[in-house]
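Visitor: I would like a close look at a single part, the nonpolar core, and at what lies around it. Please keep the cut-offs in view as you go.

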Amino acid sequence: MTILHTGGCRCGAIIFEASADPFYTSYCHCTDCRRASGAPVAAFVGFLAEHVTFRGEASIYGKFPISRSFCATCGAPIAYRDARIEDQVFFMLGAMDHPERYPPTVHGYVSEQLPLDFCGCRSTLRRGRVMCCRMLGLLVADLQQPTGSLHF
Ligand SMILES: [Zn+2]
Ligand SMILES: [Zn+2]
């Protein structure tokens, strides 16, 4: 099997690999991902489960249908799975060995997006919603047309 994609937790107790390219990369702004990650927005890389192999024993926490895995030693979040789409695994983008290879292409749950510019860079107001400039250029599902101008 050709290993194309690798990642793991901070302490190295859990590592994983995927033998095929991800089918999905995204930000998720939902409250549950925020709690689970401890960050204003979470980012994920989705693979088909049949292409994924784990080494090490991850701990699991979550409310059905979502289960989230993490390392009980170092606390790093690893992935989530959704019982409604059992054939898919979504790794935390930051758990990948080369996160720069997986730029998120979509924003999920923008209805729960925090209304502030958390990266400290300039932001712009579009149709009443503040977008971080690092997210510009990405598809935002509930934005139709830009209003106002962008400043960098
Ligand atoms: Zn660990
Ligand atoms: Zn989420």
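Guide: Happy to. Strands (E, at least two residues) and helices (H or I, at least four) are DSSP runs numbered from the N terminus. This is a predicted model, in which local features need pLDDT of at least 70 and side-chain atom pairs count only at pLDDT 80 or more, while totals for chains, interfaces and linings use all residues. Residues are numbered from 1 along each chain as its sequence is written, and chains are lettered from A and ligands numbered from 1 in the order in which they are written.

Let me set the scene. The chain has one helix and 13 strands, and from the N terminus on its elements read β-β-β-α-β-β-β-β-β-β-β-β-β-β. Of its 152 residues, 27% are buried (20 or more other C-beta atoms within 10 Å; 12 or fewer is exposed, in between is partly exposed; C-beta atoms are placed from the backbone). Among contacts (C-beta atoms, placed from the backbone, within 7 Å) with a separation of 6 or more, 52% link residues 24 or more positions apart.

Now to the core itself (buried Ala, Val, Leu, Ile, Met, Phe, Trp, Tyr and Cys residues joined through C-beta atoms within 7 Å). The largest nonpolar core holds 26 residues, and Ala42, Phe44, Val45, Ile78, Phe91 and Met92 have the most contacts inside it. At least two core residues come from each of these strands: E2 (15-18), E3 (24-28), E4 (42-48), E8 (77-82) and E9 (88-92). The biggest contributor is E4, with five residues.

Ile78 makes a good first stop. Once its neighbours within four places in sequence are set aside, Ile78 is in contact with Cys9, Ile14, Ala58, Ser69, Phe70, Cys71, Phe91, Met92 and Ala95. Two names in that list, Phe91 and Met92, also appear among the residues with the most contacts inside the core.

From there we can follow the strand pairing (at least two DSSP bridges between two strands). In general, the strands of a sheet pair through backbone hydrogen bonds, either parallel or antiparallel. Strand E7 (residues 66-70) runs antiparallel to E8 and is joined to it by five bridges; in one of the pairs, Arg68 has Tyr80 of E8 as its bridge partner. E7 and E8 make a hairpin with six residues between the strands, where Gly75 has a positive phi near 85°. On to E9: E8 pairs with it in the antiparallel sense over two bridges, and the two form a hairpin with five residues between them. Here Ala79 stands opposite Phe91 of E9.

E9 also carries Gln88. Gln88 counts as partly exposed because 18 other C-beta atoms lie within 10 Å. Leaving out residues up to four places away in sequence, Gln88 touches Gly46, Leu48 and Ala49. The C-alpha atoms of Gln88 and Ala49 are 4.9 Å apart, although 39 residues separate them along the chain.

Another place to pause is Cys28, in strand E3. Cys28 is buried because it has 24 C-beta neighbours inside 10 Å. Not counting residues up to four places away, Cys28 touches Cys33, Ala42, Phe44, Gly108 and Tyr109. Its C-alpha atom lies 5.2 Å from that of Ala42, which is 14 residues away along the chain.

One of those partners, Tyr109, deserves a look of its own. Tyr109 sits in the loop between strand E10 (106-108) and strand E11 (123-126), and is partly exposed because it has 18 other C-beta atoms within 10 Å. Its phi is near 50°, a positive value in a residue other than glycine. As a rule, most residues other than glycine have a negative phi, and most peptide bonds are trans. A cis peptide bond does occur here, between Phe64 and Pro65, with omega about 10°. Pro65 is in the loop between strand E6 (59-61) and E7.

Finally, back to E2. An open sheet of three strands has the order E1-E2-E5, paired antiparallel. Strand E1 (5-8) and strand E5 (52-55) are its edges, each pairing on one side only. E2 and E5 run antiparallel with four bridges between them, and Glu17 has Thr53 of E5 as its bridge partner.

Key
Contact = placed C-beta atoms within 7 Å.
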